[in-house]
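Subject: Structure for you to look at

Hello,

Here is the structure I said I would pass on. Please open it beside this email and follow along.

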Amino acid sequence: MRKKIVAGNWKMNLDYTSGMTLFSEVLNMVNDEVHGNQEVIVCPPFLYIHSLVQLGKNSTRIGIGAQNCHQAESGAYTGEIAANMLKSIGATAVILGHSERRQYFGETNQTLAPKVDAALKAGLRPIFCIGETLEQREQNIHFDLIKAQLTEGIFHLTAADFSKAIIAYEPVWAIGTGVTATSGQAQEVHAFIRKEIAAKYGTETAENTTILYGGSCTPKNAPELFAQADIDGGLIGGASLKSRDFTDIIKAFNS
Ligand code: PGA
């Protein structure tokens, strides 16, 4: 059975004190209210990872992830952070290929593939993000685009390595816009992604892969999205900055 996961992507938000307060609230709420076996991964800015790991060390349910990493193990890359550094302070996962990284920092499937390798080598689970722009959807090329993102960015992995990865489908037109994909639209793409994984790695690996939906996910729309056959949870941006909303999204599996 594949894991149900809700990941929070704080992006470049919150100062240190607000981040610690938010995480403490989430820890308490999840501890008190979440009774299923869904997993939670909180991805704050790099600077806060160590403190969050310390705060959450007694929680078996909440892991801490990063929002990016460099592909090299070490070296003269001023301002960058290596995957093994993240691992060494207790991170367990890393978001790779978020559309904002692709859009503002020039990341491509080709530059992401070695980051995926670096993450796995360091023992981090990559949360590999894929998804089309509105223009690409309107041109009806979104399935080809998603297939290329998978093929070029992550399908070079062995089946054993791929089984450690999490895929996040995030239609770019739904991120931070308040426009969510309908549950039908999201399910259609998730089923396509699982079919592509099955074609590459076989049905068993495909059935065991967690595929998250991201893009204006809220406590209101999460229950319907998470009820879809191929949607195994969410990658949450804006709503992960509010402890009540984030916890309610985590609980959306219960209902
Ligand atoms: P959003 O962001 O929930 O604010 O739309 C999702 C994401 O970018 O991961």
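Start with Asn37, which is exposed, with a relative accessible area of 73%. Anything over 50% counts as exposed, so Asn37 falls in that class. Asn37 sits in the loop between α1 and β2. Measuring tools in your viewer should let you check the next pair. Asn37 and Phe253 are 216 residues apart in sequence, but their C-alpha atoms are 9.6 Å apart in space. Please keep in mind throughout that this is a predicted model.

Next, the ligand. Which residues surround the ligand? They are Asn9, Lys11, His98, Glu170, Ala174, Ile175, Gly176, Gly215, Ser216, Leu235, Gly237 and Gly238. Three polar pairs are worth finding:

- A polar side-chain atom of Lys11 is 2.7 Å from an oxygen atom of the ligand.
- A polar backbone atom of Gly176 is 2.6 Å from an oxygen atom of the ligand.
- A polar backbone atom of Gly238 is 2.8 Å from an oxygen atom of the ligand.

On its own the ligand has 280 Å² of accessible area, and the protein covers 94% of that.

Two of the residues around the ligand, Lys11 and Ser216, also have a backbone angle to note. Lys11 is not a glycine, yet its phi is positive, at about 55°. Lys11 belongs to the loop between β1 and α1. Ser216 is likewise a residue other than glycine with a positive phi, near 55°. The loop that holds Ser216 runs between β7 (211-214) and α11. Ser216 has a relative accessibility of 16%, so it counts as buried, the limit being under 20%.

Now turn to helix α12, residues 243-250. Where on the helix do its buried residues lie? The buried ones are Ser243, Phe246, Thr247, Ile249 and Ile250. They cover an arc of only 160° around the axis, so they are on the same side of α12. An α-helix has 3.6 residues a turn, so residues three or four places apart point the same way. Among the elements that cover the buried residues of α12 are β1 (5-9), α1 (16-33), β2 (39-43), α11 (222-226) and β8 (233-236).

Ser243 is one of the residues of α12. Its relative accessible area is 7%, so it is buried. Leaving aside neighbours within four places in sequence, Ser243 is in contact with Leu22, Glu25, Val26 and Met29.

His142 is another buried residue, with a relative accessible area of 4%. His142 is in helix α7, residues 142-153. Not counting residues up to four places away in sequence, His142 touches Glu132, Gln136 and Arg137.

Last, the nonpolar cores. In soluble globular proteins, nonpolar side chains tend to be buried together. The largest nonpolar core here has 66 residues. Which of its members touch the most others? They are Val42, Ile154, Ile167, Ile193, Ile197 and Phe226. Not counting residues up to four places away in sequence, Ile197 touches Phe155, Phe162, Ile167, Gly202, Thr205, Ala206, Thr209 and Ile211. Apart from the largest core lies another, of twelve residues, among them Ile5, Ala7, Ala93 and Leu235. Leu235 also appears in the list of residues around the ligand.

Regards

Key
Residues numbered from 1 in each chain as written. Predicted model: local features only at pLDDT ≥ 70, side-chain atom pairs only at ≥ 80, totals over all residues. Heavy atoms only, no water. Core = buried A, V, L, I, M, F, W, Y, C linked by side-chain atoms within 4.5 Å. Buried < 20%, exposed > 50% of the residue type's maximum accessible area, 1.4 Å probe, protein only. Contact = heavy atoms within 4.5 Å. Helix = DSSP H or I, 4+ residues; strand = E, 2+ residues; numbered from the N terminus. Near = heavy atom within 4 Å. Polar contact = N/O pair within 3.5 Å; in protein donor to acceptor, adjacent residues only side chain to side chain. Areas by Shrake-Rupley, 256 points an atom, 1.4 Å probe, with all protein chains shown as cover. Arc of directions from axis to C-beta.
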